[in-house]
Amino acid sequence: SQRPSVAPGVPVTGLADAGAMYLLRGTASGLTLDHRQRFTEATSGVPGNPQTHAHFGAALFAAQLAGTSNPDLVIGAPNASDGAAHGGLVVRLLGASAGLTTTSAAIIGDPATNDHLGTAIR
């Protein structure tokens with residue numbers, strides 16, 4: 001079992017509130033930090049760039065969206081600017097047997113100012 005955990009207020013490369021997402025693994029006795037994964041927009045293979053107050057990880061949606069039977073993850077950054085100032089964005093990471101992968105990662109940005117795409121994801 002795997003559980004995503006978010007820290008949208010974490011600074012990344014010196015940028016306040018850029019945000020991060022952690023994937024924690026579960027065992028029969030609970031969550032463990034062994035084999036955890038951390039993703040930010042500064043992570044190699046994650047599309048986009050870290051931005052001040054982007055809040056990457058503010059919303060998450062896990063489901064099998066593409067490929068194998070492993071769950072994929074969509075990560076929201078509602079204050080990011082990818083198309084317009086504070087338009088927001090979402091990043092999709094594919095699931096793999098070892099966790100999440102940045103292979104074929106995708107980004108969707110909102111071209112309308114202050115739309116805050118990624119505030120909620122379903």
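## Strands, core and two contrasting residues in a predicted model

Strand 2 and strand 3 are connected by a hairpin of two residues. The structure described here is a predicted model. Strand 3 covers residues 30-39 and pairs with strand 2 in the antiparallel sense over six bridges. Within this pairing, Thr27 stands opposite Gly30 of strand 3.

**Confidence**

The mean pLDDT of the protein chain is 91, and 96% of the residues score at least 70. Among the elements, strand 5 has the highest mean pLDDT, 96, whereas strand 1 (residues 2-7) has the lowest, 69. Where pLDDT is low, the predicted coordinates should not be read in detail.

**The four-stranded sheet**

An open sheet is built from four strands in the order 4-5-6-7, with antiparallel pairing. Strand 4 (59-63) and strand 7 are its edge strands, each pairing on one side only. On average, neighbouring strands of the sheet are turned by 20° against each other, direction ignored. A second hairpin, again with two residues between its strands, is formed by strand 6 and strand 7.

The table lists pairings described for this model, with one facing pair of residues for each.

| Strands | Sense | Bridges | Facing residues |
|---|---|---|---|
| Strand 2 and strand 3 | antiparallel | six bridges | Thr27 and Gly30 |
| Strand 5 and strand 6 | antiparallel | five bridges | Val74 and Arg92 |
| Strand 6 and strand 7 | antiparallel | seven bridges | Leu89 and Gly109 |

**The nonpolar core**

In soluble globular proteins, nonpolar side chains tend to be buried together. The largest nonpolar core of this model has 14 residues, and the members that touch the most others are Met21, Phe56, Leu93 and Leu100. Two or more residues of this core come from each of strand 2 (20-27), strand 5 (72-77) and strand 6 (89-96).

Leu100 illustrates how the core is connected to several parts of the chain. Beyond its neighbours within four places in sequence, Leu100 is in contact with Met21, Leu23, Gln37, Phe39, Pro71, Leu73, Leu93, Leu94 and Gly95. Two of these partners, Met21 and Leu93, are themselves among the core members with the most contacts to other members.

**Gln37, a polar partner of Leu100**

Gln37 lies in strand 3. Gln37 counts as buried because its relative accessibility is 17%, and the cut-off for buried is under 20%. A polar atom of the Gln37 side chain lies 2.8 Å from the backbone oxygen of Leu100. Apart from neighbours within four places in sequence, the residues in contact with Gln37 are Met21, Tyr22, Leu23, Arg25, Ala98, Gly99 and Leu100. Met21 and Leu23 therefore appear in the contact lists of both Gln37 and Leu100, where contact means heavy atoms within 4.5 Å.

**Ile108, an exposed residue of strand 7**

Ile108 is found in strand 7, which spans residues 99-109. Is Ile108 buried or exposed? Ile108 counts as exposed because its relative accessibility is 54%, and exposed means over 50%. Leaving aside neighbours within four places in sequence, Ile108 is in contact with Asp82, Gly88, Leu89, Val90 and Leu117. Leu89 is 19 residues from Ile108 along the chain, and the C-alpha atoms of the two are separated by 5.5 Å. Leu89 has Gly109 as its bridge partner in strand 7, and strand 6 is joined to strand 7 by seven bridges in this region of the sheet.

Note on methods
Residues numbered from 1 in each chain as written. Predicted model: local features only at pLDDT ≥ 70, side-chain atom pairs only at ≥ 80, totals over all residues. Heavy atoms only, no water. Core = buried A, V, L, I, M, F, W, Y, C linked by side-chain atoms within 4.5 Å. Buried < 20%, exposed > 50% of the residue type's maximum accessible area, 1.4 Å probe, protein only. pLDDT = per-residue confidence, 0-100. Pairing = 2+ DSSP bridges. Axes fitted to C-alpha atoms, helices over the stretch in contact; angles between N-to-C directions. Polar contact = N/O pair within 3.5 Å; in protein donor to acceptor, adjacent residues only side chain to side chain.
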